[in-house]
Each structure stands twice: as C-alpha cells, then as structure tokens.
Amino acid sequence: MPSSAPTLRRITVLSGGVGGARFLQGLLHGLRTGVVPGGSADTVVTVVANTADDWWIHGLKVCPDLDTVMYTLGDGIDVERGWGRRDETWSARTELEAYGVEPTWFGLGDRDIATHLVRTQMLEAGYTLSQVTEALCRRWLTPVHGETVRLLPMTDDRVETHVAVADPDSASGRRVVHFQEYWVRLRAAVPAETVLAVGQDASTPAPGVLEAIGEADLVVLPPSNPVVSVGTILGVPGVRDAVRSTPAPVVGLSPIVGSSHVHGMAAQMLTSIGVEVSAGAVGAHYGARSAGGVLDGWLVDERDAGQLTGLEQAGIRAAAVPLMMSGHDATAAMAAAAVSLVTDGPA
Ligand code: FO1
C-alpha cells in the first residue's frame, strides 16, 4: 500500500540521557530500515539534549546527557550501565579515592575523563558548549552518521538541577544537593521536596535549537524524564513556545509504564511536582497543544490502554502499543507507531 505518510526530512528529538538515547537508536534503525513511515536513511535527526544534569567535578565539566547520547549513537557507550564508556578502566578514580578526594561516589572512567578534559579545555579557551559538542561529535557521530544526526545542547548557558531533600541535622530541616548527588549518592531514595533548574530563567536556547524545532517535519518527546530532562529543555525560555508553534506534529512516548518508570527516577520527580505517576498523567502534564500544552499525540504502553479515553478527552490523540525498548526492532516499532499516530500514516 503506498505510504500516505508525509516525507520526514527532519525530525527533532528533545532528549535526556539513557532513555532518550535508547529511543534514538531505535528511531535511527527504523529510519534506515524503512519501518518509520515517511522516513528514510537520509532523514536528518536533530537531538536537543538536556544539560541540567551537567556538573563541575574535579575541575572538569561533565555533561551526562550529551555524553550518553553521543557515546550511544557513536557505539562507545557501556550498554550495561547506560552511561560512560565501554571497555572502561578506573585507575584515575582509584587514585582519587586513595587521596581521599571527594566525591568518591561519582565515578569518572579513564576514557571518559579524556572527553571531559577536551570539553573543559575548549570551554576555558572560550568555545561555547555548542562548539565543544560539535567538535566531540566529529569523532563520535560523523563517521557513523555523517550529517544525518546533529546533537545540540539545549542551551550554552550554565543550568543545573538542584534538589531539596529533608535533612534533620540542619536548622532548616532540609538541604539542597546537585542532581548528581541526589541520583548517584542518594539513589533518589529520599523524597525530592523541591526540584529547581538553577540558572534556567536566565538561559537562552543554544544556536540552532529553535530552528530545529520550528523547521522540523516531526518533533518527538522520547521516554526521557518529563521533569528533569524533557521538562528542563522545555523550560529554557523560548523552547516551549517554539514547540507549541511549530508546524510539525509533536508526539511523545510515555516514560511511565504501569505505575512507575522503566528506569531512572521519573516517579520520584513526578511526585515532587505533584503529578500522578501514570502514563496518562504525564501526557496530561505535557498537555494538548490545542489546550496550551505541547502534545498532539501521546503513546502509552498496552498495559495503560485504560488511560486512552482520558487522554483523548484532554485533546491528545493517544494509542497504546508495546513501549519496552527491548531491542532496536522493538524501539523502531515504537517510533513508527509515534509517527503514524500524528501523521495519519498507514495503520
Ligand atoms: N551514574 C551513577 O549511578 N554512578 C556514577 O558514578 C556515574 C558517573 C557518571 C559519570 C559520567 C557521566 O556522564 C554519567 C555518570 N553517571 C553515573 C550517570 C548520570 O548520573 C546519569 O546518566 C544522568 O545524570 C541521569 O540521566
């Protein structure tokens, strides 16, 4: 049957780290294999990545979500961890521990440190984070993807997510920690009373971000954390409006299956902002574009098919499909379902 799907020349994805990167792998696989309606191997995928997880540590600027996307799409990722390099060694970390240099709970691998050294040197030489990212991607993405994958930070300005947690030992009864301490040292095991993207209000979209959204044939919110990943990208002044006003359809995939996240800490983050931990509630949180939100379509897992009616009533076209990214084919099928949902592509 001839495809009725419009040609997808440009797709823009607002991505966090592990979940977004895995989705991107499947999307690219689906484009190459013709599974994504209207897409092809020539479709240009622009990734706008969250940078609020970024952290200055041991004098180095670490950009977890940028690096996870870059290493994953460049086939350098440690698949088991979902972050950092494959075939990694940890000698520098061991030496830092021997010196008692904190934080010892955050592991920088020897290969990974080279990325942070290059980035830090370039930033100190006056290059922007966008320019640094472009330089690093010449090694990691260009050889594999040519010009069909672009990785942009959401902003070149410093934005960092900080989390207020209860602390009985402090006078105020709470203390504020960087997101990395909340996630890596505290394992998100304590309630996040407040989550704040420090510096976000003063930030501006990185070069190319607004154009990538406004000129796309499709904008995708992958199954990344809706609060501290996609939420922080949408929170950069100008980005939410760009998504609301783009002529492209905007479709999202739920990071919540059943009553919790598939990985990470989306459940804790949603609870901290008072959003129910369910696929339907996250879709409603993003909101229908026709009602002041950002979504035209929202994919939920088959187990959450009972929430479709509520989503449709909220003005969001919704469908229930398998949302477990168990491999490139499964994820490619998710990407194809997302496209079909909002482009009236072939059923
Ligand atoms: N996650 C951990 O659970 N433990 C770590 O020691 C750790 C180190 C690390 C170093 C570089 C990097 O890019 C990511 C790292 N992560 C670590 C993962 C990171 O916390 C998460 O990928 C994101 O911040 C959340 O998406």
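**Exercise 1. Find where histidine 58 sits, and say whether it is buried, partly exposed or exposed.**

Step 1: look in the loop that runs between β3 (55–57) and β4 (60–62), and there is histidine 58. Helices and strands here are DSSP runs, numbered from the N terminus (H or I over at least four residues for a helix, E over at least two for a strand).

A quick word on the ground rules. This is a predicted model, in which local features need pLDDT of at least 70 and side-chain atom pairs count only at pLDDT 80 or more, while totals for chains, interfaces and linings use all residues. Residues are numbered from 1 along each chain as its sequence is written, and side-chain values use heavy atoms, with hydrogens and water left out.

Step 2: check the backbone. Histidine 58 is not a glycine, yet its phi is positive, near 55°.

Step 3: check the surface. Histidine 58 has 31% relative accessibility, so it counts as partly exposed. (Buried means under 20% relative accessible area, exposed over 50%, partly exposed in between, with a 1.4 Å probe and protein chains only.)

**Exercise 2. Work out where alanine 188 lies and how its phi looks.**

Step 1: go to the loop between α7 (179–185) and β8, where alanine 188 has its place.

Step 2: read phi. Alanine 188 has a positive value of about 50°, although it isn't a glycine.

Step 3: add the accessibility. With a relative accessible area of 4%, alanine 188 is buried.

**Exercise 3. Lay out the sheet that contains β6, and say which strands stand at its edges.**

Step 1: put the 3 strands in order. They go β7-β6-β8, pair antiparallel and form an open sheet. (Two strands pair if DSSP finds at least two bridges between them.)

Step 2: find the edges. β7 (174–178) and β8 (192–198) each have a single partner strand, so one side of each has no neighbour in the sheet.

Step 3: follow the twist, which averages 25° from one strand to the next.

Step 4: zoom in on one pair. Strand β6 (residues 160–166) and β7 are joined by 5 bridges, and histidine 162 stands opposite histidine 178 in β7.

**Exercise 4. Do the same for the sheet of 7 strands, then place a helix on it.**

Step 1: write the order, β5-β2-β1-β9-β10-β13-β14; this sheet is open too, and its pairing is parallel.

Step 2: mark the edges. β5 (149–153) and β14 (317–321) have a single partner strand each, so each is left with one side lacking a neighbour in the sheet.

Step 3: look at β1. It runs parallel to β2, with 6 bridges between them, and valine 13 stands opposite valine 47 in β2. Since 5 of the 6 residues of β1 are buried, this strand is largely enclosed by the rest of the structure.

Step 4: add helix α1 (residues 18–32). It lies across β1 (10–15), β2 (44–49), β5, β9 and β10, and runs at about 165° to β1. (Angles run from 0 to 180 degrees between N-to-C directions, and axes are lines fitted to C-alpha atoms, for helices over the stretch in contact.)

**Exercise 5. Describe how α4 packs against α5.**

Step 1: get the geometry. Helix α4 (residues 110–124) and helix α5 (residues 129–140) pack at about 140°, with axes 9 Å apart.

Step 2: name the arrangement. α4 and α5 are therefore oblique to each other. (Under 35 degrees is roughly parallel, over 145 roughly antiparallel, 65 to 115 roughly perpendicular, and the rest oblique.)

Step 3: list who touches. Among the contact residues are Thr115 and Val118 of α4 and Leu129 and Gln131 of α5. (Contact means heavy atoms within 4.5 Å.)

**Exercise 6. Trace the surroundings of asparagine 225.**

Step 1: find asparagine 225 in the loop between β9 (218–221) and α9 (230–235).

Step 2: note that asparagine 225 is buried, with a relative accessible area of 10%.

Step 3: follow its side chain, which reaches the backbone nitrogen of valine 227 at 2.8 Å.

Step 4: look further along the chain. Leaving aside neighbours within four places in sequence, asparagine 225 is in contact with Val230, Gly231, Met265, Ala266 and Met269.

Methods: Polar contact = N/O pair within 3.5 Å; in protein donor to acceptor, adjacent residues only side chain to side chain.
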